[in-house]
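Here is a short report on one protein model. Keep the sequence and the 3D view open as you read.

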Amino acid sequence: MAIQKKLKEKTRNFIDSKHMLSGITVASFLESTIVPIPLEAVLVPLMQARREKLWLIALMATLGCIVGALFGYALGYYLFDAVGDWIINTFSSPEQFENVKQQMQDQGFWFVITLGIVPIPFQIAMLAAGATKYSIWLFLLASGIARSIRYFGLAIIVYYAGNEAERIISKHKTKAMVLITLLVLGVWGLSLVI
């Protein structure tokens, strides 16, 4: 019981802290790079408690994630150069890697958007984009769109649902993720036809 009380007190202090926005940015950076734990568990209660900064919280979470995505891209870009031949020869073949690289060049934008929205670790998209030398500008654009949909979507729910946001998100999270993923895949499919 004492641990819960301390945790609640620390959370309350963080919510009222002048470092709240920078803390969210750092947490978002960490979530997108090394801590594959969804930030939503912290963001939604924080957005509910600080509704006057709702849009700013969503923006800072998005920016932290984009900086994290850039870091992950760089890891894939430079680390893959160091150990890429060994990885390719151990787990694949040069021909298969060329195929993956071509798929990333052709469809990487939608791949990054899809992984940025769904609850699959975003590190996969970052490392794949860097390893295949995918356009950094298209990667950053796709990352920004995906994470904006995710974080500003939460902000919209909190704006309209208020204190009921957590309950609504928890009740409809799976259905919403499936629907959004299907929409992204549908737009992706249309882009291939057009």
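## A loop residue to start with

This model is predicted. Begin at Lys133, which is partly exposed because its relative accessible area is 30%, between the cut-offs of 20% and 50%. Lys133 sits in the loop between helix 6 and helix 7. Its backbone is worth a look. The phi of Lys133 is positive, near 60°, and Lys133 is not a glycine. Most residues other than glycine have a negative phi.

Lys133 follows helix 6. That helix covers residues 123-131. Which residues of helix 6 are buried? They are Gln123, Ala125, Met126, Ala129, Gly130 and Ala131.

## The overall plan

Step back to the whole protein. It has eight helices and zero strands. Along the sequence, the pattern reads α-α-α-α-α-α-α-α.

The protein has 194 residues, and 38% of them count as buried. It exposes about 11,500 Å². Carbon and sulfur atoms supply 69% of that area. Now take the contacts between residues at least 6 apart in sequence. Of these, 79% join residues at least 24 apart.

## What the record marks

The UniProt record, an unreviewed entry, carries the feature "transmembrane region". The record places this feature at residues 20-39, 54-80, 109-130, 136-162 and 174-193.

Two of these spans can be checked against the model. Residues 54-80 are 100% helix and 0% strand. The end C-alpha atoms of that span lie 38 Å apart. Residues 136-162 are 96% helix and 0% strand. Here the end C-alpha atoms are 37 Å apart.

## Helix 7, end to end

Helix 7 runs over residues 136-161, which makes 26 residues. How far should helix 7 span at 1.5 Å a residue? The expected value is 38 Å. The end C-alpha atoms are 37 Å apart, so the model agrees with the expected span. Just after helix 7 comes Gly162, with a positive phi of about 60°.

Many side chains can be traced along this helix. Its buried residues include Phe139, Leu140, Tyr151, Leu154 and Val158. Small residues are listed too, among them Ala142, Ser143, Gly144 and Ala146. Two arginines, Arg147 and Arg150, are also on the buried list.

## Arg150 and its neighbors

Find Arg150 in helix 7. Is Arg150 buried or exposed? Arg150 is buried, because its relative accessible area is 10%, and the cut-off for buried is under 20%.

What does Arg150 touch, leaving out residues up to four places away in sequence? The contacts are Glu31, Pro38, Glu40, Gly116, Ile117 and Val118.

## Helix 2 and a surface patch

Helix 2 covers residues 20-33. Val26 is found in this helix. With a relative accessible area of 48%, Val26 is partly exposed. Val26 also belongs to a nonpolar patch on the surface. The other members are Leu30, Ile34 and Val35. Together, the four residues have about 320 Å² of accessible area.

Ala27 lies in helix 2 as well. Its relative accessible area is 27%, so Ala27 counts as partly exposed. Now look across to Ala61. Ala27 and Ala61 are 34 residues apart along the chain. Their C-alpha atoms are separated by 7.8 Å.

## Two salt bridges

How many salt bridges does the model have? The count comes to two. One joins Glu52 and Arg50, with the closest N and O atoms 2.7 Å apart. The partners differ in exposure. Glu52 is exposed, because its relative accessible area is 58%. Arg50 is buried, because its relative accessible area is 12%.

The other salt bridge joins Glu164 and Arg167. Its closest N and O atoms are 2.7 Å apart. Glu164 has 38% relative accessibility, so Glu164 is partly exposed. Arg167 is partly exposed too, with a relative accessible area of 48%.

Methods
Residues numbered from 1 in each chain as written. Predicted model: local features only at pLDDT ≥ 70, side-chain atom pairs only at ≥ 80, totals over all residues. Heavy atoms only, no water. Buried < 20%, exposed > 50% of the residue type's maximum accessible area, 1.4 Å probe, protein only. Helix = DSSP H or I, 4+ residues; strand = E, 2+ residues; numbered from the N terminus. Patch = residues over 30% accessible without salt bridge, like charges linked within 9 Å, V, L, I, M, F, W, Y side chains within 5 Å. Areas by Shrake-Rupley, 256 points an atom, 1.4 Å probe, with all protein chains shown as cover. Salt bridge = Lys/Arg side-chain N within 4 Å of Asp/Glu carboxyl O. UniProt positions renumbered as here; feature names shortened; annotations may be inferred. Contact = heavy atoms within 4.5 Å. Expected span 1.5 Å × (residues − 1).
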